[in-house]
Amino acid sequence: MTVNLLDFDAKNLASFCVKIGEKPFRAKQLLRWIHQSGETDFASMSNLAKGLREKLSATAVVESPQVISEHVSADGTRKWLLDVGAGNGIETVFIPEPNRGTLCISSQVGCALECTFCSTGRQGFNRNLRVAEIIGQLWWANKVLGEVTNDEIASKPEYFVGEPRVVQSSGRSQTVSNVVMMGMGEPLANFENVATALDLMLDDNAYGLSRRRVTVSTSGLVPAMDRLRERCPVSLAVSLHAPNDELRDQLVPINKKYPIKQLLAACRRYLENAPRDFITFEYIMLAGVNDSVAQARELVKLVRETPCKFNLIPFNSFSNSGYERSSSAVTYRFRDVLMQAGLMTTVRKTRGDDIAAACGQLAGRVLNKTQRKSHVFIEAVR
Ligand code: SAH
Ligand code: SF4
């Protein structure tokens, strides 16, 4: 049976090498070819022996999900719809900024958690993504973004030693410096595959990102937060969205299983191993629902013992959402209450909303949604 080498991190690739009768150190060379050079053709992997190249061609492939469509926002944000088979599609978003490029990656086809303000949640759940489909989003983005235009080469030839990949259209060569697991799905409900993909993101022979530059965002799956702390502690963002259980139960239904007190205790435990000394709390601003001054004060009290920063997210609408975005004045008033209490607070800039690429707008294509009520995901996070 053919295996997809994008499914393997360094450890698994070394076992695979042994299985086909090769030395485990070949994994290092293979990782570099696959992830750093973006090579899919084993015959071109020039520092591997011919025999190994032939063996690989016969038993393995390097295959990322194929792109169905690309949209580019007026602000430069790019969104790709990727085919993951059986009619399903997932979305990946690249957000360029002057000093960094952030890739927002999906972890599941849809999401089973049904947060009421989230378009992905409304789509229902189909299945977990495989490792190749998760890391494949970064693999693909790196490949496309690493291409440069003829115009750029003409204007700065000194930058381009060797043979750059060239694209004809205008555009800029950009790279991914940061990854956020904030696309479709709940990353910690697909724990093993996400953790293996994270290993690859951090591996010096693959993407070499530091733990600070890789962020997992979770709606608060407490047992899985503890597992992540042990397995691969990257930066952690937690979708809080409400100052008390009564409201959070409504907005983020998983709160009924893991209420706020347990969630905050898990956040504090996480910080023992975290690459940063704070948790980022995401807080969506919903007009008239969770955005009052009284609620801001309640929030201040709630997080008193948890080192944290706040990121206020303006609600991004989608059809029939039933919610409205808080006004800018209300959002900044809320921020000021948190700031005056000494909590570092930023308001997230909305990017790519003209192409439905902003937070919570990713819908992809999710077929066979029948698994939404499945308890499988709850089992998976135990
Ligand atoms: N499932 C994970 C990660 C994906 S969602 C989680 O819930 O954290 C990434 C972020 O987008 C979360 O903070 C989520 O609450 C937020 N979000 C969801 N729907 C949104 C919307 N309509 N507008 C703005 N942010 C939204
Ligand atoms: Fe799932 Fe996150 Fe959307 Fe909630 S906000 S439904 S956990 S993707």
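These notes concern the surroundings of two ligands and one helix in a predicted model.

1. Around ligand 1 there are 21 residues, and those that come nearest are Phe 117, Ser 217, Ser 239, His 241 and Asn 316. By class, this shell divides into 10 nonpolar, 9 polar and 2 charged residues, and strands S12 (214-218), S14 (279-285) and S15 (308-314) each contribute at least two residues to it.

2. As for polar atoms, an oxygen atom of ligand 1 lies 2.7 Å from an N or O atom in the side chain of Ser 217, while a nitrogen atom of the ligand is 3.0 Å from a backbone N or O atom of Gly 185. For Glu 186, an N or O atom of the side chain is 3.4 Å from a nitrogen atom of ligand 1. Of the 530 Å² of accessible area that ligand 1 has on its own, the protein covers 95%.

3. The residues around ligand 2 are Cys 111, Leu 113, Glu 114, Cys 115, Cys 118, Gly 121, Gly 185, Glu 186 and Ser 219, a shell with 4 nonpolar, 3 polar and 2 charged residues. Gly 185 and Glu 186, listed here around ligand 2, are also the residues named above for ligand 1, Gly 185 through its backbone and Glu 186 through its side chain.

4. Helix H12 (residues 328-340) has 13 residues and reaches 18 Å from its first C-alpha to its last, close to the expected 18 Å. Its buried residues are Val 330, Thr 331, Phe 334, Val 337 and Leu 338; they lie on the same side of H12, because they cover an arc of only 120 degrees around the axis. Ala 329 and Gln 340, on the other side of H12, are exposed.

Technical notes:
Residues numbered from 1 in each chain as written. Chains lettered and ligands numbered in written order. Predicted model: local features only at pLDDT ≥ 70, side-chain atom pairs only at ≥ 80, totals over all residues. Heavy atoms only, no water. Near = heavy atom within 4 Å. Polar contact = N/O pair within 3.5 Å; in protein donor to acceptor, adjacent residues only side chain to side chain. Areas by Shrake-Rupley, 256 points an atom, 1.4 Å probe, with all protein chains shown as cover. Helix = DSSP H or I, 4+ residues; strand = E, 2+ residues; numbered from the N terminus. Nonpolar A, V, L, I, M, F, W, Y, C, P; charged D, E, K, R; others polar. Expected span 1.5 Å × (residues − 1). Buried < 20%, exposed > 50% of the residue type's maximum accessible area, 1.4 Å probe, protein only. Arc of directions from axis to C-beta.
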